Each structure stands twice: as structure tokens, then as C-alpha cells.
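Student: I have a structure to look at and would like to talk it through. Could we go over it together?

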There are 2 protein chains.
Amino acid sequence: MIRCGDTLVVRALPGVPLVGRGDDVAALAIAALGRAELTLADGDVLVVTSKVISSAQGRFVDLSRVEPSPAAVELAAATHKEPRFCELVLQESSYLSRRAPHVLIVRHRLGFMCANAGIDNSNAVPRDAAAGSGPWALLLPEAPDAAAQAIRAALEAHSGARIGVVVSDSFGRPFRLGTVGAAIGCAGLPPLWDRRGERDLHGRVLVETITALADQVAATADLVAGQADERRPLVLVRGLKFTPVDQPAGVLDRAPGQDVYA
Amino acid sequence: MIRCGDTLVVRALPGVPLVGRGDDVAALAIAALGRAELTLADGDVLVVTSKVISSAQGRFVDLSRVEPSPAAVELAAATHKEPRFCELVLQESSYLSRRAPHVLIVRHRLGFMCANAGIDNSNAVPRDAAAGSGPWALLLPEAPDAAAQAIRAALEAHSGARIGVVVSDSFGRPFRLGTVGAAIGCAGLPPLWDRRGERDLHGRVLVETITALADQVAATADLVAGQADERRPLVLVRGLKFTPVDQPAGVLDRAPGQDVYA
């Protein structure tokens, strides 16, 4: 069962500190909910940026210590990217979809297609970086579904509410410019909203109507999270109603053999 | 200038009637805002489903009166779709990107890539359909940017607020299952949020950070609009701050020569 009321409220949780290796993201969320004087309710969805999960997992890599393989050196020449960065992309991916100058699109080992294996190469610095170290890159989380599940379990134990958790990232897209939020980890919230079989206003059965629910929730949260100069990595989306399920975000990925563009 | 506060409120406007040819969508929105006791404020964005605009424009086609060309007959055999439907798709598109059984992806004449030229073949029936007519299809709106602009002008004249209007549709995507809301018409709201040049928490300049603002707003609205058994074609998104611009939704489309997947 999935429904949405006529109103959604999307709220960035206040005062979330800079996250580092070993931090407990669920505890940070509970503290931020307290600051906002919010109590979780059934159907709430907490959207957590992948960067927070990665930082808590310590997924920082000192690029100066990465040894580029010959394949990475060749890929760097073709894409006009750094060889060490390309080495990380190759290590993180299972399939190279497209390469061109300034374009490097792969299937991440986690199953989804994205640019640069989702590696953040712009402003990722560990909290405890030694002077003179780096430059740093930040890999996507390990097992983002499990991370979402752990946060869900902790928040449900704390609140008694049945909720969803989405780990989000920002993806580019074929055909269209600009990034959009996408779900790379899911717990509780059904990633897909399969409405086939529902009836429309004329009583006819809907066909071909499957909504990417978790991606749309991630895109919604990205509107308030997407600020450079303020920390808003935790966003609460309130107003959905759903029967909690245990499905990974990977159900959003088209199987390699079923994608006419892969 | 674009900003988002820490809270977004997304509200489906109540009591919108079934829309037919010649209806004034702006007047319907003003009436619905009144029912909800909402007064428009600067930065509000009204998201209108393409189906409402198409219906008001009378973009219904009686498929029984469509004569399929030889190309449409051939395309129908390749895609397992109806020849008359394929004829409409061909008429509405400028480029055929992919065809396969149950797959027909084209560049719409309006510039974006989508399945079936966005033609609604499932439940589109004109309000005044004669008995025995049809089956019916509903084409995407003509000039959705102009439609958005007209609604924006009427709502701004009525309210005095400076707002945005988005005409939305639901698109499938390469790589990922499920549809997401996308902007096919825009007025006032900047379609892209170009944040290059902003500084992050470490004072470094952000690179490669352009958000598909209008698409994310459309995806957000789709969460509350996406109900089969209730009419929610008008959704108000409150909480963004932006300097109104006159840019068409087409700035979201990658140029054909710059898309590694087209």
C-alpha cells in the first residue's frame, strides 16, 4: 500500500555537524530531530546524502597514494581526467558505458549507472586529514542499503514509528542537463510504486504506471539539501503513507540486458 | 539568485474539475487556491500536469480517424504497438532514438527525448466525446512554455506575487526503472540551477554543480499529483527563492550532438 496525502512537508534538519569516520549517523539524526522539535511519525522518510554515509564509513582516499594502472592512464588520456582518479573509477565500477573528453560513465559495482563511479573529487577532505596529505577523493558508501537499514532500525527503536530511509546521491542523466537526486540505498520505503491495476477516474485499469518513488523522494530532498554554504545532509519528507518493505534501491536499476542505452 | 529555505511545503490544490477544451487553466488555479485559502507569495511555483494543458488545448485525437503510413505500419510491427498510435508518434517526433519490442523512444518535436512522444494512450477521453467515438489519444501540449507563461502572467496579475510555473510530464529513463516528473514547460523558475562559482564549507569553489531545478520541482509535485483515483493536476511548491527568469524548459535538453547516448 502506497499513498500520498495532499500535502508533503520537506524539512532539512538543523545543526548537523561535519561528519567523520566512525560517527553514528542515526545518533546525529536523532539529535537533529530533537533540535527541530520533531517527533518521527509513521510514513516519515529520512533522506541522507551519500556523502554523510561515506564520511562516516571513512571512504576517503588520498589520491597521492593511488597507483594508476596502464588502463587508467589510457582512460585518463581519453577523458581528460586525472590518471589516479580514473584508477579509482575503474576499481569502483563493473562496466564502462561511455568515454569521451570530460565524459566517463560506468556501471558502479553497486549496480547503477553514473558518471565517475560517483566519486566526489571536489571538496572531500577527512576531518582528521594530516597537513600536506591529499588531494582527497570520497568513494560512494559501502552497502548503502544496509546503512539505510541500520539508520531505520535505530530511528524506529527510538521513536516507535515505522519509517523509511533513503541514501541519496546526485546523478547526471542521458538526454537532459543538470543533476537530480537519486536513491542508491533504501530501507522501508518501496523504491518503486507499482500502480498497475489501480483504476483511473473512468474506472479503467492503469497500465504502464510505475513511479520511481525513492528517486522522486531523493529529488525532493535535494531541493532543500542542495546548498553549498550550509550543512543540510539530513532531510525529513513527511506526508507519504506506505506499508514498509525490505527492498534494496537496486530494484530501480534496469538489468543490463534490458536497457536499450547501456 | 536561487535559494531554498530549510522547509518546502508541497500542496495539491483541491477540487480541480475535469478539464476540457477551452477551459482557462489559470482561472481553475485561482479558484483552487481560493478553495485552499492560499494566497500566492513570491517564490511560489505552480506545477501543472501536461495532461491539463493538453486537455484545455483540445489535443485529443480520435485514433479511429488516423491513417497509418507505411513507416508507421513497419514501426508498429517492430515495437508491437498499434499502427495508428505509431503514426501519431512519428508525426509528433523529429528523431527516432530506439525501437524494440514494447520500446519506442523519440525526440519530441519540442526537443526532449521521451517514450512514445509523450502521447497518452491509456485514459484520455475528451469531456464531450460522442458515443461510439475513439479510442482516443492525447498529445502533449502545443508550446508548453507559452502555456506556462500565460498561467504565470494571469496568476501574477491576480496575486501581485512573482512566481514560477512548471508544466510537468512523467518520463521514463535510461538505466533506471520507473517514471519521474520532468519539466516540459517553464515560466519564471530557472530550469537549471547553476551553482558553479559558489563556495563550499571549505571555501573552495564548486565545479560541475548544475542542478536540474525544474525537473526536481516536477518530481516533487509528482509525489502528490500521482494518484489515480483523485484529481490533483495542480500542485503548489512553496519554499524556493529565485529571481524570475524567462528561460524555456528546453534549456534542460542536451543538444543532439552533445549527448553520448542519443
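Tutor: The turns below go through the contact of the two chains, and then some features inside each chain.

Student: What should I know about the model and its numbering before we start?

Tutor: This is a predicted model, in which local features need pLDDT of at least 70, side-chain atom pairs count only at pLDDT 80 or more, and totals for chains, interfaces and linings use all residues. Residues are numbered from 1 along each chain as its sequence is written, chains are lettered from A and ligands numbered from 1 in the order in which they are written, and side-chain values use heavy atoms, with hydrogens and water left out.

Student: How many residues does each chain bring to the contact?

Tutor: Chain B brings 70 residues and chain A brings 71 residues, where contact means heavy atoms within 4.5 Å.

Student: And what area do they bury between them?

Tutor: About 6500 Å² is buried between chain B and chain A, and 53% of it is on carbon and sulfur atoms. B:F175, B:R176 and B:L223 supply 13% of the area that chain B buries against chain A, more than any other three residues. Buried area here is the accessible area (1.4 Å probe) that two parts lose on being put together, summed over both.

Student: How many salt bridges cross the interface?

Tutor: There are 6 salt bridges across the interface of chain B and chain A; a salt bridge is a side-chain nitrogen of Lys or Arg within 4 Å of a carboxyl oxygen of Asp or Glu. A:R176 and B:D253 form a salt bridge through their side chains, at 3.4 Å from N to O.

Student: Which element gives the largest share of chain B's side?

Tutor: That is β1(B), which gives 10 residues of the side of chain B that touches chain A. Strands (E, at least two residues) and helices (H or I, at least four) are DSSP runs, numbered from the N terminus.

Student: In which sense does that strand pair with β1 of chain A?

Tutor: β1 of chain A (residues 2–12) and β1(B) pair in the antiparallel sense, over 5 bridges. Two strands pair if DSSP finds at least two bridges between them. B:L8 in β1(B) is the bridge partner of A:V10.

Student: How are the two copies related?

Tutor: A turn of 180° and a shift of 0.0 Å along the axis lay chain B on chain A with an RMSD of 0.0 Å. The two copies are thus related as by a two-fold rotation axis. The superposition is by least squares on the C-alpha atoms of residues with pLDDT of at least 70 in both copies.

Student: Turning to single chains, which residue does A:K51 meet in a salt bridge?

Tutor: The side chain of A:K51 meets that of A:D120, at 3.8 Å from N to O. This pair links distant parts of the chain, 69 residues apart: A:K51 is in helix α2 (residues 50–57), and A:D120 is in the loop between β6 (113–115) and β7 (136–138) of chain A.

Student: What else is in that loop?

Tutor: A:P135 is placed in the loop between β6 and β7 of chain A, and a cis peptide bond with omega of about 10° joins A:G134 to A:P135. A:N116 also lies in this loop, and has a positive phi of about 55° although it is not a glycine. Most residues other than glycine have a negative phi, and most peptide bonds are trans.

Student: And what is the peptide bond from B:G134 to B:P135 like?

Tutor: The bond from B:G134 to B:P135 is cis, with omega near 5°.
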